[in-house]
Amino acid sequence: KGVHPSPTAMARGRALVAIVVLSVICFSVHPSVAGEASIEALGVCSAAGGCPKVAVELDQGGQGDGLALLQHAAMDRHRIKAQRTPQEGFSLGESSTQPGTNSSLPSTRVCEQPMMNDVKAAFEGLGSSQVFRVNLGRLFPNGYDKGYMPYSEHFQDIQRQQDENYLYITGSGETENKAHVFVAELASRPSTGAMGSNTVSKWGAPMNPPRKDILKKVLRVEGEYWHAGGATSFGNYLVVGAEAGCSTTERLFGQCSLESRIHFYDTSDPQSPKKLPYIVNRKTASAGAVGLTQQKDGKFLLMVGRVDSEILDFYLSSGTSLASDPHFKKVKTWYKEALLAAPGQSADFGQYQNLHFVRQKDDKLFMVGTYRTMNGLGSDMAELFSVDARSPSRVSIKKVASKHLSCGSGTCNFQAGAGLYVDSETSLIIYATNWEPQDNSIFVNEFVGKAGSG
């Protein structure tokens with residue numbers, strides 16, 4: 001009684017309460033030994049598995065309202081960096097982890113990808129596809145027009161930005177000697193859920209794709225390694241493998257150079273991804289497939305598949321944010337001979353062109369691989385694996401389900417570009433395209449799997 005705290009102390013108190021409350025509803029707080037903290041407002045995990053927007057503003061020096069903004073909007077996640085000094089409390093500003101600081105302290109799980117109720121049930125619910133088309137427009141580069149196998153210049157992976165109607169398609173640009181990422185906007189399609197066909201009118205008649213469903217940007221990843229391999233979209237980040245180029249003749253005689261780099265992009269503006277200033281350098285190994293997930297402690301598990309994914313390299317980060325270099329270190333190399341198989345599943349490990357992680361709510365980790373049998377001449381297959389990487393130095397992989405999927409005639413090939421998208425806690429989607437464009441557009445098949453729909 002009779003003691004009145006100063007306005008500064010009250011503001012600091014409100015800021016502290018705001019931080020505690022928001023950390024409970026799916027925030028990541030990563031303090032470093034340098035006295036800085038990065039608060040990543042990565043969304044509130046909604047019942048549907050999505051991440052609505054949460055924005056927080058903390059006034060400099062604790063002089064303002066502390067919590068200045070808390071708003072929810074279904075599809076606009078936004079990251080805000082906060083910097084703290086011992087004297088001034090929290091203030092807005094750009095903060096990145098510098099080498100030598102401790103960025104690996106435990107944090108809550110970020111909401112970059114929905115965690116599913118029952119991965120296997122959703123996978124087994126995968127059925128027929130719908131086909132949509134992306135107009136090439138004027139940005140598409142020369143090349144990608146051979147028209148027959150074997151291809152050295154072709155699409156390799158296809159990923160969808162979380163809760164957006166944007167796609168990223170990787171390609172090996174032999175003509176330009178550039179590894180490509182093609183950024184496409186399907187403006188006529190919904191940003192959540194299945195996008196559905198854009199080539200069938202509401203009366204059921206065939207039609208051309210709307211003009212606004214078009215290639216918006218071409219990222220030229222690099223020139224030295226011009227074969228863009230596997231990719232993974234994880235929330236507001238895109239991970240792309242780039243391999244040393246290999247001609248058809250070199251591939252035939254086993255003369256391809258086994259070198260690669262893993263690049264990272266900030267895709268918070270999906271129309272204009274920004275390359276981040278760090279890579280994972282692989283001097284003696286290719287990068288045909290790439291998978292990424294985040295563990296309970298906030299650290300990232302990166303998986304990179306070598307040629308046809310017969311060998312998988314696992315990396316673990318020491319940092320808990322991809323905004324700056326999380327310092328990946330290789331912790332395990334897995335060989336296909338170690339594959340386990342559930343009852344009723346074959347012990348064959350296919351020539352997977354793409355591999356992607358998906359987590360279940362009980363924290364079990366799964367991986368989906370896609371390929372076409374008979375070196376691209378047979379059947380399009382998706383296969384589901386359970387992955388035990390709780391101790392990354394002792395990774396165990398078991399095949400638990402297999403699914404034969406059928407594309408629209410001549411519209412996709414799983415030996416070229418196919419990729420996984422986790423739509424919600426009950427639904428996953430596989431997107432697949434062909435080796436090259438056709439009819440001045442990129443054809444995309446969309447396979448939707450829902451728990452209980454198989």
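Which residue in E21 is the bridge partner of Arg 372? It is Asp 380, and the close-up views below, all taken from a predicted model, start from that pair.

**View 1. Strands E20 and E21 side by side, with Arg 372 and Asp 380 as bridge partners.**
Here you can follow strand E20, residues 365-372, along strand E21, residues 380-388. Their pairing is antiparallel and runs over 8 bridges. Arg 372 finds its bridge partner in Asp 380 of E21. As a reminder, strands of a sheet pair through backbone hydrogen bonds, in either a parallel or an antiparallel way.

**View 2. The open sheet to which E20 and E21 belong.**
Step back a little and 5 strands come into the picture, in the order E18-E22-E21-E20-E19. The sheet is open and its pairing is mixed. At the edges are strand E18 (340-341) and strand E19 (354-359), each of which pairs on one side only.

**View 3. A salt bridge between E22 and E21.**
Now look at the side chains of Lys 399 and Glu 383, which meet in a salt bridge at 3.5 Å, N to O. Lys 399 belongs to strand E22 (residues 396-405) and Glu 383 to strand E21, so this pair links parts of the chain that are 16 residues apart. Are these two charged residues buried or exposed? Lys 399 is buried, with a relative accessible area of 1%, and Glu 383 is buried as well, at 5%.

**View 4. Two residues with positive phi, Asp 363 and Met 374.**
Most residues other than glycine have a negative phi, which makes this pair worth a visit. Asp 363 has a phi near 75° and is found in the loop between E19 and E20. Its relative accessible area of 24% makes Asp 363 partly exposed. Met 374 has a positive phi of about 55° and sits in helix H4, residues 373-376. With a relative accessible area of 61%, Met 374 is exposed.

**View 5. A nonpolar surface patch that includes Met 374.**
Stay with Met 374 for a moment and bring in its partners, Met 149 and Leu 377. Together the three residues make a nonpolar surface patch of about 330 Å².

**View 6. Strand E7, buried along its whole length.**
How many of the 8 residues of strand E7 are buried? The count is 8 of 8 for this strand (residues 166-173), so E7 is largely enclosed by the rest of the structure. Tyr 166, Tyr 168, Thr 170 and Ser 172 point one way, while Leu 167, Ile 169, Gly 171 and Gly 173 point the other way. Residues on both faces are buried.

**View 7. The neighbours of E7 and the two hairpins they form.**
Strand E6 (residues 155-160) pairs with E7 in the antiparallel sense over 5 bridges, and Asp 157 stands opposite Thr 170. The hairpin of E6 and E7 has 5 residues between the strands, and Asp 163 in its turn shows a positive phi of about 55°. E7 also pairs with strand E8 (residues 178-186), again in the antiparallel sense, over 8 bridges. In this second pairing Leu 167 stands opposite Ala 184. The E7-E8 hairpin has 4 residues between its strands, with a positive phi of about 55° at Asn 177 in the turn.

**View 8. Salt bridges of strand E9.**
The structure holds 13 salt bridges, and this view picks out some of them. Arg 220 forms one with Glu 176, the closest N and O atoms being 2.9 Å apart. Arg 220 lies in strand E9 (residues 213-222) and Glu 176 in the loop between E7 and E8, so the pair ties together parts 44 residues apart in sequence. Both count as partly exposed, Arg 220 at 39% relative accessibility and Glu 176 at 30%.

Glu 222 forms a salt bridge with Arg 261, and here the closest N and O atoms are 2.5 Å apart. This pair links Glu 222 in strand E9 to Arg 261 in strand E12 (residues 260-266), 39 residues away. Glu 222 counts as buried at 11% relative accessibility, and so does Arg 261 at 17%. Glu 224 joins Glu 222 and Arg 261 in a network of salt bridges.

**View 9. The disulfide of Cys 407 and Cys 412.**
The structure holds 1 disulfide, in which the sulfur atoms of Cys 407 and Cys 412 are 1.6 Å apart. The link is left-handed, with -55° about the S-S bond. Cys 407 counts as buried at 18% relative accessibility, and Cys 412 is buried at 3%.

Note on methods
Residues numbered from 1 in each chain as written. Predicted model: local features only at pLDDT ≥ 70, side-chain atom pairs only at ≥ 80, totals over all residues. Heavy atoms only, no water. Pairing = 2+ DSSP bridges. Buried < 20%, exposed > 50% of the residue type's maximum accessible area, 1.4 Å probe, protein only. Patch = residues over 30% accessible without salt bridge, like charges linked within 9 Å, V, L, I, M, F, W, Y side chains within 5 Å. Areas by Shrake-Rupley, 256 points an atom, 1.4 Å probe, with all protein chains shown as cover. Salt bridge = Lys/Arg side-chain N within 4 Å of Asp/Glu carboxyl O. Disulfide = S-S within 2.5 Å.
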